[in-house]
Amino acid sequence: MTQRFQNLLELMRQQNLDAVAINPGPTFTYLTGMRMHLMERPTVLLITGAGLAGLVLPQLELPKLAGAAIAMDAHPYADNPATWQDAFTAAFKRLGIHRGRVGVEAQRMRFLELGFLQSAASGCEFVDGSAVLEALRLRKEPRELELMQEAAYIAQKALLATLKTVRPGQTEKQIAAELVIALYRAGSDVELPFQPIVSSGENSANPHAVPGERQLREGDLLLFDWGASVDGYCSDITRTFSVGELQPELAHIGAVVRDANAAARAAARSGIPASAVDQAARGLIADAGYGEYFTHRTGHGLGMEAHEAPYIREDNGMTLEPGMVFTIEPGIYLPGRGGVRIEDDVVVGQKEAPSLTDLPREVIPYTQALD
Ligand code: CO
Ligand code: CO
């Protein structure tokens, strides 16, 4: 039995779950080492509190079981959907699950699978098991941290390569295209953690802007939010540059965000609540008079998903522990004018939280970032 599997069983005991039902996704891969996707045909991993595992899956996926990290009974089904319920029912019977609480991932379990599960085990109660399944992946193992460090280096290398090609007059989409190519050239997995954001001028005031046809021009802020993946582990970085000279207020918010990022990184450590990290950044921005323009949480956990626990929010009392990884990404967004965000990926240690990302954080002309 793997350590990860034992950790899951312990968490299930603590949360009074008799079983869990897990769809393909990061938790599924974390436990089994198998990469499968959510498709029109259901795949569900069932694990009981006694440590038995079963997998309902399409017949054609059976070869993937050869590399599985845990022992499990396979319950394959053929293409005719009328036969699928039988596979689910057989799996529950074989695992001896007749009643009790079965945890699912609320953000991943679909109506499709839930229907089969409920019909297979009418005596069971299906509940949100997110607390268990999020906690499982919270503290990263040394090998996971190595992969995340690699993902950070690859992303940084890709940005520097991209900046060399940036010219006024280019569109955000053109710059984003260069960045994606540079990420692949630098060694990222083909499946990026998310589509990069490249936003300029007034568009940078939208935290989740989609790269468009706007052309880069003198006086713009130029924001990049991008990441790489290595063996499925993500980085997520934001840097903001200027195109030539900035209006004084835009330069000023650049300095405030840089200081807020530094304050939150200095605050992050084991033993404090996540909310204290948020407060370190938020307090500094509020004191500078821009509180209403910092419109999102300070950060989010990072790992096999680009957004996972722990969430760095003012209402999150979760205590930070060594091995947790999360972003610190304060921003100030002035509608119609522009925004600055500076995002790093930090690892909680005993006394501090060193950053996996180390590109300079000053808002300077992108041409100078290459020096
Ligand atoms: Co980001
Ligand atoms: Co982020």
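Donors are N, O and S atoms within 2.8 Å of the metal (3.2 Å for Na, K and Ca), and because water is not among the atoms, sites may look incomplete. The views below show a predicted model, in which local features need pLDDT of at least 70, side-chain atom pairs count only at pLDDT 80 or more, and totals for chains, interfaces and linings use all residues; side-chain values use heavy atoms, with hydrogens and water left out. Residues are numbered from 1 along each chain as its sequence is written, while chains are lettered from A and ligands numbered from 1 in the order in which they are written.

**Figure 1. Coordination of the cobalt ion (ligand 2) by Asp236, His300, Glu329 and Glu343.** The donor atoms are OD of Asp236, NE2 of His300, OE of Glu329 and OE of Glu343, at 2.1 to 2.3 Å. Along the chain, these donors follow the spacing D-x63-H-x28-E-x13-E. The angles among the four donor atoms span 79 to 153°, and the site is irregular. Four donors count as tetrahedral if all angles lie between 85 and 135 degrees; four count as square planar and six as octahedral if opposite donors are over 155 degrees apart and all others between 65 and 115; anything else is irregular.

**Figure 2. Asp236 as a bridge between the cobalt ion (ligand 2) and the cobalt ion (ligand 1).** The two ions lie 3.0 Å apart. Asp236 is in the loop between strand S10 (233-234) and strand S11 (237-242), and Glu329, 93 residues apart from Asp236, is in the loop between strand S14 (325-328) and strand S15 (331-334). Helices (H or I, at least four residues) and strands (E, at least two) are DSSP runs, numbered from the N terminus. Asp236 is buried at a relative accessible area of 3%, and Glu329 is buried at 8%. Buried means under 20% relative accessible area, exposed over 50%, and partly exposed in between (1.4 Å probe, protein chains only).

**Figure 3. The open sheet of six strands, in the order S4-S3-S2-S1-S5-S6.** The pairing is mixed; two strands pair if DSSP finds at least two bridges between them. Strand S4 (73-77) and strand S6 (124-128) stand at the edges with a single partner strand each, so one side of each is left without a neighbour in the sheet. From one strand to the next, the twist averages 20°. Strand S1 (residues 19-22) pairs with strand S5 (residues 100-104) in the parallel sense over three bridges, and Ala19 stands opposite Val102 in S5. Helix H1 (residues 3-14) lies across S1 and strand S2 (44-48), running at about 65° to S2. Axes are lines fitted to C-alpha atoms, for helices over the stretch in contact, and angles run from 0 to 180 degrees between N-to-C directions.

**Figure 4. Surroundings of Thr43, in the loop between helix H2 (26-32) and S2.** Thr43 is buried, with a relative accessible area of 2%. Not counting residues up to four places away in sequence, Thr43 touches nine residues, among them Ile22, Phe28, Met36 and Leu57. Contact means heavy atoms within 4.5 Å.

**Figure 5. Surroundings of Ile253, in helix H8 (residues 248-267).** Ile253 is buried, at 0% relative accessibility. Its neighbours within four places in sequence aside, Ile253 is in contact with Tyr290, Ile332, Leu334, Gly338 and Val340.
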